[in-house]
Amino acid sequence: ELRAPVIRKVLLEAGLEVVDKWCAVQLSDDVFDPAMLPELKDIPELVWCSSDTLAAGLTNHLRSCGIRVPQDVSVVGFNGFFSENSAEERIATITHPFYQLGEKAVDLLLEYFEHGLNENNSHVLLDTGLFKGTTLRKKP
């Protein structure tokens, strides 16, 4: 899973504790499956997910089990698609610089067509950030 190291890095840089067993990762990001979670005891301050879709499903599941989000546990997703989903519920998420991503993709393609595959166009890392939505507990 390529997302996990990026998620860990952003959360740690934001001063948030990361507990690996409380990472919700699924092969399909379409449907949240509660069976992938450990027992809902000793839940940490933060649960992170490999997509915003999973984070939304997890948030609903936790609330249906009587766990308050974000008062009892913060939930963070990944990809930034849900950051503007509604005024009352904005999933905290690891965001991408989408404009820069598109711009860089075009640059890499042009470089590739002009010079073939090389170290300048084979791998690029872009900065990500943390969108502090309503599912992220505020620090006192």
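Me: Why is D20 called partly exposed rather than buried or exposed?
Reply: The relative accessible area of D20 is 49%, and the words are set by cut-offs, buried being under 20%, exposed over 50% and partly exposed in between, with a 1.4 Å probe and protein chains only. D20 is therefore partly exposed, because 49% falls between those limits. These values come from a predicted model, in which local features need pLDDT of at least 70 and side-chain atom pairs count only at pLDDT 80 or more, while totals for chains, interfaces and linings use all residues. Residues are numbered from 1 along each chain as its sequence is written, and side-chain values use heavy atoms, with hydrogens and water left out.

Me: How do you know that D20 lies in a loop, and what does D20 touch?
Reply: Helices (H or I, at least four residues) and strands (E, at least two) are DSSP runs, numbered from the N terminus, and D20 is placed in the loop between α1 (3-13) and β1 (23-24). Contact means heavy atoms within 4.5 Å, and on that basis D20 is in contact with R8 and W48, once its neighbours within four places in sequence are left aside. R8 is twelve residues away along the chain, and the C-alpha atoms of D20 and R8 are separated by 8.9 Å.

Me: What elements make up the protein chain, and in which order?
Reply: The secondary structure comes to three helices and five strands, and from the N terminus on the elements run α-β-β-α-β-β-α-β. Of the 140 residues of the protein chain, 35% count as buried.

Me: What makes β2 and β3 a pair, and how do the other strands join on?
Reply: Two strands pair if DSSP finds at least two bridges between them, and β2 (46-49) and β3 (74-78) run parallel and are joined by three bridges, so the condition is met. In one of these bridges, V47 has V75 as its partner in β3. β3 and β4 (92-95) also pair in the parallel sense over three bridges, with T93 as the bridge partner of G77. T93 in turn has F131 of β5 as a bridge partner, and β4 and β5 pair in the antiparallel sense over three bridges.

Me: Why is a set of residues here called a nonpolar core?
Reply: The name is given to a set of buried Ala, Val, Leu, Ile, Met, Phe, Trp, Tyr and Cys residues joined through side-chain atoms within 4.5 Å. The largest such core has 15 residues, of which C49, L58, L62, V73 and V75 touch the most other members. β2 and α2 (52-64) each supply at least two residues of this core, and its largest share, five residues, comes from α2. Apart from it lies another core, of 14 residues, among them V18, L46, W48 and V76. On β2, L46 and W48 point one way while V47 and C49 point the other way, and all are buried.

Me: What makes the lining of the largest pocket mixed in class, and which elements supply it?
Reply: Ala, Val, Leu, Ile, Met, Phe, Trp, Tyr, Cys and Pro count as nonpolar, Asp, Glu, Lys and Arg as charged, and the others, Gly among them, as polar, and by these classes the lining has twelve nonpolar, four polar and five charged residues. α1, α3 (98-115) and β5 (129-131) each supply at least two lining residues, and α1 gives the most, with five.
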